[in-house]
Amino acid sequence: MNKTVNCIKYPLTLPAIWYQNLQSQGLGQVEETRFIFDKHIGDGQLSFLEFQDGFWGQQMDFTLAQSLHLRQEAVPHNNLFIINFYLTNTVVKQRSDDTDYNLHLDRLNVMLSSSSGEVQCDILAHDVVKIVQIGFTREWLVTNAFHVEDSPLKKMFMADSPIYFSEALNYKFKHLLDEVDIKSSNKLFLFSTALQLLDDFFFEVRAS
């Protein structure tokens, strides 16, 4: 009997742990750094690449046979952050901090969220979904990204209140993302691209 997928609840965590969670709920199988959906759930996979300890990229390419509601449950501290780049015209409906977003390529399509926030996301059956994600821990960020001790950006990421930031995909992001494919590109190219995407994103946050 096929399992009906309704709602998946999870805290924001590292991809390898998330894949094991999805597998334990009968949604598919983990194969090294990939999660492959079972055919009765959908078609496609999630893939991740760890660049450094606490800094990774993830790519999601899939179509679900059944609609799915994802609920990221809040934890007390902002120990993890993710930036999602939505790269298809499929609309992904997300709710963060009592605000509703319709995320897709032609409109609002870059979203930062933190582990202390609750995020709800609806993915409809038969929609083609492609999302590229950059994830990082607070420890990695403090070690690698901040040079000014009292910068407003550092203060924001050191706090434990939920962080949400949305942005349109500007030409700098789009140019970098056009060549990204975690399944086939070499690690050095992906690592340098992820760093550039992160730097461009922080520029947008500082300018807002």
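**Close-up 1. The largest cavity holds about 400 Å³ of space.** This is a predicted model, and a search through the whole of the structure turns up two cavities of 30 Å³ or more. The largest one is lined by 29 residues, and those closest to its centre are Y10, W18, M60, L70 and Q133. Put those five in the frame and you have the middle of the view.

**Close-up 2. Several strands and a helix build the wall of the largest cavity.** Two or more lining residues come from each of β1 (7-11), α1 (15-24), β5, β6, β7 (80-86), β10, β11 and β12. Which element gives the most to this lining? That would be β5, with four residues. As for chemistry, the lining has 22 nonpolar and seven polar residues, and no charged ones.

**Close-up 3. The second largest cavity has a volume of about 80 Å³.** Its lining is made up of F51, G57, Q58, V132, Q133, I134, V180, I182, L190, T193, A194 and L197. At least two of the lining residues come from each of β5, β12 and α5, and α5 supplies the largest share, four residues. Charged residues are missing here too: the lining of the second largest cavity counts eight nonpolar, four polar and no charged residues. Keep an eye on Q133, which is one of the residues closest to the centre of the largest cavity and also lines the second largest. F51, another residue of this lining, comes back in the next view as half of a ring pair.

**Close-up 4. F51 and F55 form a tilted aromatic pair.** The structure holds 18 aromatic pairs, and this one has its ring centres 5.4 Å apart, with 50 degrees between the planes. Are these two residues buried or exposed? Both F51 and F55 are buried.

**Close-up 5. F136 and F202 meet edge-to-face.** With 85 degrees between their planes, over the 60 needed, the rings count as edge-to-face, and their centres are 6.3 Å apart. The pair ties together distant parts of the chain: F136 belongs to strand β12 (residues 128-137) and F202 to helix α5, 66 residues apart. F136 is buried, its relative accessible area being 0%. F202 counts as buried as well, at 6% relative accessibility.

**Close-up 6. Pull back a little and the rings form one aromatic cluster.** Its members are F51, F55, F81, F136, W140, F157, F165, F191, F201 and F202. So the tilted pair F51 and F55 and the edge-to-face pair F136 and F202 both belong to this one cluster.

**Close-up 7. K183 reaches D61 in a salt bridge.** The closest N and O atoms are 3.2 Å apart. This pair, too, links distant parts of the chain: K183 is in the loop between α4 (171-177) and α5 (187-207), D61 is in strand β5 (residues 55-64), and 122 residues separate them. K183 is partly exposed, at 43% relative accessibility. In total there are six salt bridges in the model.

**Close-up 8. R71 and E118 join side chains in a salt bridge.** The N to O distance is 3.3 Å. R71 is in strand β6 (residues 68-73), while E118 is in the loop between β10 (108-114) and β11 (119-123), 47 residues apart along the chain. How exposed are the two partners? R71 is partly exposed, with a relative accessible area of 23%, and E118 is partly exposed as well, at 37%.

**Close-up 9. R138 pairs with D160.** The closest N and O atoms of this salt bridge are 3.1 Å apart. R138 is in helix α2 (residues 138-144), and D160 is in the loop between α3 (152-158) and β13 (164-168), 22 residues apart. R138 counts as buried because its relative accessibility is 16%, under the 20% limit. D160, at 30%, is partly exposed.

**Close-up 10. D61, D181 and K183 belong to one network.** Salt bridges with shared partners join these three residues. Among the links is the bridge between K183 and D61 already shown in an earlier view.

Definitions and conventions: Residues numbered from 1 in each chain as written. Predicted model: local features only at pLDDT ≥ 70, side-chain atom pairs only at ≥ 80, totals over all residues. Heavy atoms only, no water. Salt bridge = Lys/Arg side-chain N within 4 Å of Asp/Glu carboxyl O. Buried < 20%, exposed > 50% of the residue type's maximum accessible area, 1.4 Å probe, protein only. Phe/Tyr/Trp six-rings, centres within 6.5 Å; stacked < 30°, edge-to-face > 60°. 1 Å grid on protein atoms, 1.4 Å probe; cavity = no way out; pocket = protein on both sides within 12 Å on 5 of 7 lines; lining within 4 Å. Points joined across faces, edges and corners; volume = space filled by probe spheres on them. Nonpolar A, V, L, I, M, F, W, Y, C, P; charged D, E, K, R; others polar.
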